[in-house]
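Me: I am new to reading protein structures, and I would like a close look at a single part of this one. Please take one helix and explain carefully how the rest of the chain is arranged around it.

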Amino acid sequence: MSIEVSNESGIDVSERELVSVAQFVLAAMEVNPAAELSLVLLDTTAMADLHMRWMDLPGPTDVMSFPMDEIEPGGRPDAPEPGPAMLGDIVLCPEFAEDQATRAGHTLGHELALLTVHGVLHLLGYDHAEPAEEKEMFALQKKLLEDWVDDEVAGYRRDRQAERDQRLLDKSRYFDEP
């Protein structure tokens with residue numbers, strides 16, 4: 001899975017976490033592992049410009065998604081096997097997201113992970129224009145984010161245990177020496 005990150009926002013964020021959550025969601029949603037995705041982080045001025053140009057709405061927003069290739073779940077039965085696709089671009093505005101994170105009582109990293117999940121789901125065809133769509137999308141978004149956090153915590157614990165095991169093995173080699 002190829003995920004490019006371009007941070008033009010002027011705010012230092014964990015690109016590793018953004019890539020990790022995007023990869024997790026794409027894998028969980030069974031997207032072809034050769035799919036490509038771009039994450040762009042902009043300042044509020046640039047985001048406000050995109051928001052006006054594409055949505056005809058004034059001011060910045062937190063996330064926008066720009067799908068590239070049409071994705072149809074299931075596809076046609078006579079269509080060839082789906083191959084890699086350029087899913088599109090997810091544009092995030094960390095400055096705007098930071099204000100939302102403060103109001104919600106969590107970190108900017110958490111907010112950006114949430115917005116990345118949201119953006120990926122939009123690229124995969126999910127929407128929240130209608131109440132039923134919103135309920136489905138937001139429930140899936142919540143579950144995917146929780147599952148990613150659980151996976152990150154488990155990975156951290158595995159890494160720490162491996163470090164402890166290695167230190168123990170390093171110390172035990174002295175028992176074999178005369």
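Reply: A residue is called buried here when under 20% of its relative accessible area is left open. By that cut-off, 13 of the 16 residues of α4 are buried, so this helix is largely enclosed by the rest of the structure. Please keep in mind that the model is a predicted one, and that the helix to be followed here, α4, covers residues 108–123.

To place α4, it helps to begin with the whole chain, which holds five helices and four strands and which, read along the sequence, follows the pattern β-α-β-α-β-β-α-α-α. Of the 178 residues in the chain, 33% are buried. Among the contacts between residues at least 6 apart in sequence, 65% join residues at least 24 apart.

The helix itself comes next. From its first C-alpha to its last, α4 reaches 22 Å with its 16 residues, close to the 22 Å expected at 1.5 Å a residue. After the helix comes Gly125, whose phi is positive, near 100 degrees.

One neighbour of α4 is the sheet, since the helix lies across β2, β3 and β4 and runs at about 145 degrees to β4. The sheet is open and has four strands in the order β1-β2-β4-β3, with mixed pairing. Because β1 (2–7) and β3 (63–67) stand at the edges and each has a single partner strand, one side of each is left without a neighbour in the sheet. From one strand to the next, the twist averages 15 degrees.

The pairing can be followed strand by strand. β1 runs parallel to β2 (residues 36–41) and is joined to it by six bridges, with Asn7 standing opposite Leu41 of β2. β2 is in turn joined to β4 by six bridges, and these two strands also run parallel; here Leu39 has Ile90 in β4 as its bridge partner. Between β3 and β4 the sense is antiparallel, over five bridges, and Phe66 stands opposite Asp89 in β4. Like the helix lying across it, β4 (86–92) is largely enclosed by the rest of the structure, because six of its seven residues are buried.

Another neighbour of α4 is helix α1. Two packed helices are described by the angle between their axes and the distance between the axes. For α1 (residues 15–28) and α4, the axes come within 9 Å and cross at roughly 35 degrees, and the crossing is right-handed. On the α1 side, the contact is made by Glu17, Leu18, Val21, Ala22, Val25 and Leu26, which meet Gly109, Leu112, Ala113, Thr116, Val117 and Val120 in α4. Sorted by class, this contact has nine nonpolar, two polar and one charged residues.

Looking at α1 in its own right, its 14 residues reach 20 Å from the first C-alpha to the last, close to the 20 Å expected at 1.5 Å a residue. Its buried residues are Leu18, Val19, Ser20, Val21, Ala22, Val25 and Leu26, and they pack not just against α4 but also against β1, β2, β4 and α5 (131–172). After α1 comes Glu30, with a positive phi near 60 degrees.

Taken together, α4 lies across three strands of the sheet, β2, β3 and β4, and meets α1 through residues such as Leu112 and Val117.

Technical notes: Residues numbered from 1 in each chain as written. Predicted model: local features only at pLDDT ≥ 70, side-chain atom pairs only at ≥ 80, totals over all residues. Heavy atoms only, no water. Pairing = 2+ DSSP bridges. Axes fitted to C-alpha atoms, helices over the stretch in contact; angles between N-to-C directions. Contact = heavy atoms within 4.5 Å. Buried < 20%, exposed > 50% of the residue type's maximum accessible area, 1.4 Å probe, protein only. Left-handed = near helix turned anticlockwise from the far one by under 90°. Nonpolar A, V, L, I, M, F, W, Y, C, P; charged D, E, K, R; others polar. Expected span 1.5 Å × (residues − 1).
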